[in-house]
Every structure is written in structure tokens, then in C-alpha cells.
Amino acid sequence: MANRNYSLTILGSYSGRNAGDAAILASMMGTISRQIGEDTVFEVPTTHPDFIEKHYGKKFKVRPVNVMPWTGSIRLLGIPTFRSIARTDAVLITDGIIFDVNLWNPLFNFLIILIFLVPFAKLMGKKVVCYNIGIGPLRSYWGRRFAKFVGDYSDLIMVRDEDSVKLFREIGVEKEIHLTADAVFQNWGTPEKLPSLLAEFGIDKAAAEGRLIGVNVTRYADRWLAANEKIKSKESFLERLAQVIVRLKTEKNIESAIFITQIMDVAYGRELVAHVSRIYSEKTGKSWTP
């Protein structure tokens with residue numbers, strides 16, 4: 001492998017709006033670069049090519065592929081992505097983009113797009129790899145059919161959790177499936193600014209002593225759950241979660257760091273902080289902001 005340079009098209013949600021997705025992309029490119037060569041070229045279809053170039057261009061050989069509407073694209077479905085697939089060696093389906101929520105809306109759902117991109121890749125003689133992905137929910141007939149189609153036409157399937165293995169089997173994918181881990185765990189060191197951030201918020205000691213947990217919230221809340229799994233309300237969910245955080249603090253001396261990874265979740269995270277502060281004040285007569 002070291003005798004030639006490889007190029008890969010990376011399919012996923014890499015707009016720069018989600019810190020978790022950004023971490024996955026960095027980790028994935030780092031791992032692959034070490035395995036098959038530092039000269040590996042990564043082509044990343046994205047609505048924010050400047051973000052990809054700025055944050056990854058100095059470390060990796062990455063080529064942002066602009067998929068804004070004026071390029072003839074609807075998300076990943078468009079001329080730029082087809083061209084990328086045609087000129088690279090393989091296509092990697094990444095992250096958690098195989099689900100059937102809003103299946104028929106290509107502005108939201110990726111699975112409806114993959115049923116066009118995957119056969120094109122095979123037509124062009126390219127390898128298709130499901131790279132450390134998570135799948136689901138897949139509750140509709142067509143969602144399950146489309147996901148099976150993607151799985152059946154993939155040359156290699158690697159998933160990051162046992163539930164994804166089970167779901168692939170339930171929808172009828174019979175080929176070998178490799179259980180790995182979330183890509184972010186493979187190549188992600190401690191950020192240089194983390195110690196100073198922990199100190200700034202007064203939780204560096206708790207972190208050093210193993211008394212710190214992270215709480216990540218999203219406004220989606222129960223959107224991905226089945227009807228019989230839905231929570232009573234988002235407000236009641238935040239109230240219950242806040243109670244748990246306060247109990248950890250007062251009864252177990254465990255600190256909580258509430259953080260978000262998606263811009264759209266800022267307001268929801270602030271609501272949780274407000275609940276925690278109120279409950280803690282009512283319980284102890286002291287003020288505390290997690």
C-alpha cells in the first residue's frame with residue numbers, strides 16, 4: 001500500500017456545526033493516514049468547505065467538495081459528489097447517517113441519498129465501506145429496505161455498537177459485519193486547552209480525582225425513540241435530569257459538566273443549567289452553576 005497514494009470520498013454530516021462529527025472526521029482521517037499512508041487524499045463533500053480547509057487542511061491532505069445548492073446539489077446528492085466518487089478509489093459511509101426519520105426529505109435524511117450514491121459507486125468500480133457507523137432507527141418498510149440495499153452493496157461493513165449489528169441482521173443483511181468502536185476513540189488526544197478550561201470552571205480537581213462526569217444534551221431529546229418510549233415532555237425530562245445532577249453533587253460529591261456539541265442545542269443546554277441551579281438552590285440554600 002505504501003507504494004501508491006490512495007484517495008477516499010468521505011460521506012457524512014461534516015458541515016462544522018456539530019463538534020462530535022468534527023471529532024469523528026479528524027479521528028478517522030488520522031487513523032486511516034497512519035494505516036495506509038500520510039499521502040492519502042480525503043475528499044469531503046460539505047456545505048462549508050472553508051471549515052474543512054481551515055481545521056483539517058494543515059494536518060491532512062483533504063479536499064473539501066462544495067455541495068451548496070448552487071453547485072447542483074441537495075446535501076450530498078449532486079454533481080460534485082458524483083465527480084468525487086468517480087475520481088477516488090473508494091467511498092466511506094461514516095458516522096450515523098443510515099436512519100429513516102423524515103426518510104423522503106433529502107434536506108434532512110441521508111439514507112434517501114445513499115440509494116443513489118452507492119449504486120453509482122459500484123457502477124464506477126469503486127469499493128464502498130461502511131466505516132465504524134451506527135444505524136437506526138429503521139422503523140418504516142422503505143427505510144429498512146433502503147438500509148438493506150446499502151448494506152448488501154457495501155464491500156465492508158464496520159459498526160460501532162452491537163445494536164447496529166443486530167439491526168443489520170434484522171433487516172436481512174447476511175454478510176460479515178465487524179464490530180469495532182466509534183471512530184472518535186481511535187485517534188483523539190486530549191485537547192491542549194482542556195486543562196485551562198477545567199481550571200476556569202473550577203472542576204480541574206474533580207476531573208483529576210475522577211469525580212467529574214459530562215452531560216451532553218440535545219433538543220432532539222426523544223425524537224429517535226419509538227412511540228412507546230417517548231418521554232412525557234421535554235420539560236419534565238430536563239427536570240428529572242437536573243434532579244439527578246444535583247443528587248450526584250450533594251450526595252456523592254460528583255461534579256457535572258454540561259456541554260453541547262451542536263449549535264442548535266445551546267438554548268436547550270441553558271434550560272438544563274437553569275433547572276439545576278434552581279433545584280440546587282432550593283435544596284441547599286446555596287448558588288451553584290454546573
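# Reading strands, turns, a pocket and ring pairs

Author: Start with one residue pair: Phe42 stands opposite Val62 in strand E3. The model is predicted, and every value below is computed from it.

Reader: Which strand does E2 pair with in the parallel sense over six bridges?

Author: Two strands count as paired if at least two bridges are found between them. Strand E3 (residues 61-66) meets that with E2, through six bridges in the parallel sense. Phe42 and Val62 face each other in this pairing.

Reader: How many bridges join E1 to E2?

Author: Three bridges join strand E1 (residues 7-11) to E2, and the two run parallel. Here Phe42 of E2 has Leu8 opposite. Between E1 and E2 the chain passes through helix H1 (residues 19-36), and this β-α-β crossover is right-handed. A right-handed β-α-β unit is also made by E2, helix H2 (residues 49-56) and E3.

Reader: In what order do the seven strands of the open sheet stand?

Author: The order is E3-E2-E1-E6-E7-E8-E9, with parallel pairing. At the edges are E3 and strand E9 (178-179), each of which pairs on one side only. Further along the sheet, E7 and E8 run parallel and are joined by three bridges. In E8, Leu156 is the residue opposite Val129.

Reader: Are the faces of E2 covered or uncovered?

Author: To read this, take the residues on each side of the strand and apply the cut-off: buried means under 20% relative accessible area. In strand E2 (residues 41-46), six of its six residues are buried. One side carries Val41, Glu43 and Pro45, and the other Phe42, Val44 and Thr46; both faces are covered.

Reader: Next, the backbone. Which sign of phi do most residues other than glycine have?

Author: Most have a negative phi, and most peptide bonds are trans. Asp95 has a positive phi of about 65 degrees although it is not a glycine. Asn102 likewise is not a glycine, and its phi is positive at about 50 degrees. Asp95 is in the loop between strand E6 (90-94) and helix H4 (111-123). Asn102 is also placed in the loop between E6 and H4.

Reader: Is Asp95 buried or exposed?

Author: Asp95 has 9% relative accessibility, so it counts as buried. Asn102, with a relative accessible area of 37%, is partly exposed.

Reader: Which peptide bond is cis?

Author: The bond from Gly136 to Pro137 is cis, with omega near 5 degrees. Pro137 is in the loop between strand E7 (127-133) and helix H5 (141-152).

Reader: How much space lies in the second largest pocket?

Author: About 340 Å³. A volume says little about surroundings, and the lining is read next. The second largest pocket is lined by 14 residues, and those nearest its centre are Leu8, Ile32, Ile36, Leu92 and Val129. At least two lining residues come from each of H1, E6, E7 and strand E8 (156-159). By class, the lining has eleven nonpolar, one polar and two charged residues. Two names return here: Leu8 is the residue opposite Phe42, and Val129 is the residue opposite Leu156.

Reader: How many aromatic pairs does the count come to?

Author: Rings pair if their centres lie within 6.5 Å, and planes over 60 degrees apart count as edge-to-face. The count comes to eight aromatic pairs. One of the pairs is Phe82 with Phe120, edge-to-face at 4.8 Å centre to centre and 80 degrees between the planes. This pair links distant parts of the chain: Phe82 is in helix H3 (residues 79-87) and Phe120 in helix H4, 38 residues apart. Phe82 is partly exposed at 23% relative accessibility, and Phe120 is partly exposed at 22%.

Reader: Why is the pair of Phe99 and Phe108 edge-to-face?

Author: Because the planes of Phe99 and Phe108 stand at 75 degrees, with ring centres 6.0 Å apart. Both Phe99 and Phe108 are buried.

Reader: Which residues do ring pairs link into a cluster?

Author: The cluster consists of Trp104, Tyr141, Trp142 and Phe146.

Reader: One last contact. How many residues apart in sequence are Asn253 and Arg211?

Author: They are 42 residues apart in sequence, and 7.2 Å apart in space, C-alpha to C-alpha. Asn253 sits in the loop between helix H9 (234-252) and strand E11 (255-259). Its relative accessible area is 41%, so Asn253 is partly exposed.

Note on methods. Residues are numbered from 1 along each chain as its sequence is written. This is a predicted model: local features need pLDDT of at least 70, side-chain atom pairs count only at pLDDT 80 or more; totals for chains, interfaces and linings use all residues. Side-chain values use heavy atoms; hydrogens and water are left out. Buried means under 20% relative accessible area, exposed over 50%, partly exposed in between (1.4 Å probe, protein chains only). Helices (H or I, at least four residues) and strands (E, at least two) are DSSP runs, numbered from the N terminus. A crossover is right-handed if, with the strands pointing away from the viewer, the path from the first strand over the helix to the second runs clockwise. On a 1 Å grid over the protein atoms alone, a cavity is a set of points where a 1.4 Å probe fits but cannot get out, and a pocket is an open set with protein on both sides within 12 Å along at least five of seven lines; lining residues have an atom within 4 Å of a point. Grid points are joined across faces, edges and corners, and a volume is the space filled by probe spheres set on the points. Ala, Val, Leu, Ile, Met, Phe, Trp, Tyr, Cys and Pro count as nonpolar, Asp, Glu, Lys and Arg as charged, and the others, Gly among them, as polar. Rings of Phe, Tyr and Trp (its six-membered ring) pair if their centres lie within 6.5 Å; planes under 30 degrees apart count as stacked, over 60 as edge-to-face and the rest as tilted.
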